[in-house]
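Please open the model in your viewer and keep the sequence panel beside it, so that each selection can be followed in both. The tour goes from one residue to the whole chain, and then to the sheet, the rings and the pocket.

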Amino acid sequence: MNTHETLPTYTRAQLALRNGQDKPQIWVAYKGLIYDVGRSRLWRDGKHYEHWAGQDLTDELKDAPHTDSVFEKFAVTGRLLP
């Protein structure tokens, strides 16, 4: 069994609240997984360059100066429902 299958699931609306403003959590989604980026100084106040927390960044990452391996340092906190 995939370890991610046991994670809680969240809707896009629930993810949107974890933007560092509406709720204290700072989360982003990527390829169906939700990552807690709140401990990163680069995500302070829920913003990282032109990206905002509480969103699915899957489509936006192709324009980033780094690869998806950047998410390896963050805890997976849930799965994003389609």
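Select Glu60 to begin, in what is a predicted model: with a relative accessible area of 27%, Glu60 counts as partly exposed, because that class covers values between the 20% under which a residue is buried and the 50% over which it is exposed. In the chain, Glu60 sits in the loop between E5 and E6. If you now add Asn19 to the selection and draw a line between the two C-alpha atoms, the line should read 17 Å, for residues that are 41 positions apart along the chain.

Next, show the whole protein chain as a cartoon and colour it by secondary structure. You will find 1 helix and 6 strands, arranged from the N terminus as β-α-β-β-β-β-β. The C-alpha trace spans about 35 × 30 × 20 Å along its principal axes, and its radius of gyration of 12 Å agrees with the value near 12 Å that a compact globule of 82 residues would have. If you colour by accessibility instead, buried residues account for 34% of the 82 in the chain.

Now keep the strands of the sheet alone. In which order do the 4 strands of the open sheet lie? The order is E1-E6-E3-E2, and the pairing is mixed; E1 and E2 are the edge strands, each with a pairing on one side only. Within this sheet, select E3, residues 33-36, together with E6, and you have an antiparallel pairing that runs over 4 bridges. To centre the view on one position of E3 and E6, pick Ile34, whose bridge partner in E6 is Gly78.

From the sheet, turn to the aromatic side chains, where the structure holds 3 aromatic pairs. Select Tyr10 and Trp27, whose rings lie 5.0 Å apart from centre to centre with 70 degrees between their planes, an edge-to-face pair. This contact links distant parts of the chain, since Tyr10 belongs to strand E1 (residues 9-10) and Trp27 to strand E2 (residues 27-30), 17 residues apart. Both partners are on the buried side of the cut-off, Tyr10 at 14% relative accessibility and Trp27 at 5%.

Then move to Tyr30 and Phe71, whose ring centres are 4.7 Å apart and whose planes meet at 15 degrees, so the pair counts as stacked. Here too distant parts of the chain are linked: Tyr30 is in strand E2, whereas Phe71 is in the loop between strand E5 (51-52) and strand E6 (75-80), 41 residues apart. Tyr30 is buried at 8% relative accessibility, and Phe71 is buried at 7%. Add Tyr35 to this selection, and you have the cluster into which ring pairs join Tyr30, Tyr35 and Phe71.

For the last stop, display a surface and look for the largest pocket, which holds about 300 Å³ of space. Which residues lie closest to the centre of this pocket? Of the 20 that line the pocket, they are Trp43, His48, His51, Ala64 and His66, so these are the ones to label as you turn the view. Colouring the lining by class should give 12 nonpolar, 4 polar and 4 charged residues.

Technical notes: Residues numbered from 1 in each chain as written. Predicted model: local features only at pLDDT ≥ 70, side-chain atom pairs only at ≥ 80, totals over all residues. Heavy atoms only, no water. Phe/Tyr/Trp six-rings, centres within 6.5 Å; stacked < 30°, edge-to-face > 60°. Helix = DSSP H or I, 4+ residues; strand = E, 2+ residues; numbered from the N terminus. Buried < 20%, exposed > 50% of the residue type's maximum accessible area, 1.4 Å probe, protein only. 1 Å grid on protein atoms, 1.4 Å probe; cavity = no way out; pocket = protein on both sides within 12 Å on 5 of 7 lines; lining within 4 Å. Points joined across faces, edges and corners; volume = space filled by probe spheres on them. Nonpolar A, V, L, I, M, F, W, Y, C, P; charged D, E, K, R; others polar. Pairing = 2+ DSSP bridges. Rg over C-alpha atoms; globule rule 2.2 N^0.38 Å.
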